[in-house]
Amino acid sequence: VFYGHSLYTSGYTYKDSILGHSMGTDSRDLFLQLSHYLSKDLLLDLMYEHQTHNLSADTHPVINILQCDLTFFRSRQWQVGAGYRYEDARGEGYDDNHILQMRLIREF
């Protein structure tokens, strides 16, 4: 409702794509995440996401996303992380993606 409501549609799209979530409108999404501390300052996250798009159309592009993240809590203020994400896309206009992520977070 949020993405399709007349009060919210202006300003929440860019080039006809919904901003805020990659799923967009007219879609279904299943998201699973498993988080496990390997030690008191090292966190492993494993994620799986299955998106089905254009539910009201004849064809339904599908994206399966696999992601693995590792976060090191250096101190209460500093986090260092890295991850890998693979997007297996099936459908016209969708491409497979390999994404490497690195992050440095400072809280104050």
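**An open antiparallel sheet and its side-chain pairs**

Arg90 has a relative accessibility of 52%, and because the threshold for an exposed residue is over 50%, Arg90 counts as exposed. This value, like the others reported here, was computed from a predicted model. Arg90 is also a convenient place to start, as its side chain takes part in a salt bridge with that of Asp88, at 2.8 Å from N to O. The partner is placed otherwise with respect to solvent: Asp88 has a relative accessibility of 16% and therefore counts as buried.

The structure holds two salt bridges. Besides the pair of Arg90 and Asp88, the side chains of Arg85 and Glu87 meet at 2.7 Å, again taken from N to O. Here both partners, Arg85 and Glu87, are buried. As general background, side chains of opposite charge can pair when their charged atoms come close.

These charged pairs can now be set within the fold. The secondary structure of the chain consists of seven strands and zero helices, which gives the pattern β-β-β-β-β-β-β when read along the sequence. Five strands make up an open sheet with antiparallel pairing, in the order S3-S4-S5-S6-S7. At its edges stand strand S3, residues 28-39, and strand S7, residues 97-106, each of which pairs on one side only. On average, neighbouring strands of this sheet are turned by 15° against each other, with direction ignored. In general, the strands of a sheet pair through backbone hydrogen bonds, in either a parallel or an antiparallel manner.

Within the sheet, strand S5 pairs with S4 and with S6. Strand S4 (residues 42-52) and strand S5 (residues 62-73) run antiparallel and share 11 bridges. Two positions illustrate the register between them: Tyr48 has Leu66 in S5 as its bridge partner, and Thr52 stands opposite Val62 in S5. The pairing of S5 with strand S6 (residues 78-90) is also antiparallel and comprises 12 bridges. Among the residues linked in this way is Phe72, whose bridge partner in S6 is Val80. S5 and S6 together form a hairpin, with four residues between the two strands.

Val62 offers a closer view of strand S5, in which it lies. With a relative accessibility of 18%, Val62 counts as buried, because the limit for that class is under 20%. Leaving aside residues up to four places away in sequence, Val62 touches His50, Gln51, Thr52, Asp88, Ala89 and Arg90. The contacts of Val62 thus include both partners of one salt bridge, Asp88 and Arg90. Val62 and Glu92 are 30 residues apart in sequence, and their C-alpha atoms are 9.9 Å apart in space.

Leu34, by contrast, is found in the edge strand S3. Its relative accessibility is 55%, so Leu34 counts as exposed. Even so, Leu34 touches Leu44, Asp45 and Leu46, not counting residues up to four places away in sequence. The C-alpha atoms of Leu34 and Cys68 are separated by 9.8 Å, although these residues are 34 positions apart along the chain.

The structure also holds one aromatic pair. It is formed by Tyr37 and Phe73 in a tilted arrangement, with 6.2 Å from centre to centre and 35° between the planes. Because Tyr37 lies in strand S3 and Phe73 in strand S5, the pair ties together parts that are 36 residues apart in sequence. Tyr37, at 46% relative accessibility, counts as partly exposed. Phe73, at 24% relative accessibility, also counts as partly exposed.

Some totals for the whole chain complete the picture. Of its 108 residues, 22% count as buried. The accessible surface comes to about 8,200 Å², and 56% of this belongs to carbon and sulfur atoms. Among the contacts with a separation of 6 or more, 33% involve residues 24 or more positions apart.

Note on methods: Residues numbered from 1 in each chain as written. Predicted model: local features only at pLDDT ≥ 70, side-chain atom pairs only at ≥ 80, totals over all residues. Heavy atoms only, no water. Pairing = 2+ DSSP bridges. Axes fitted to C-alpha atoms, helices over the stretch in contact; angles between N-to-C directions. Buried < 20%, exposed > 50% of the residue type's maximum accessible area, 1.4 Å probe, protein only. Contact = heavy atoms within 4.5 Å. Phe/Tyr/Trp six-rings, centres within 6.5 Å; stacked < 30°, edge-to-face > 60°. Salt bridge = Lys/Arg side-chain N within 4 Å of Asp/Glu carboxyl O. Areas by Shrake-Rupley, 256 points an atom, 1.4 Å probe, with all protein chains shown as cover.
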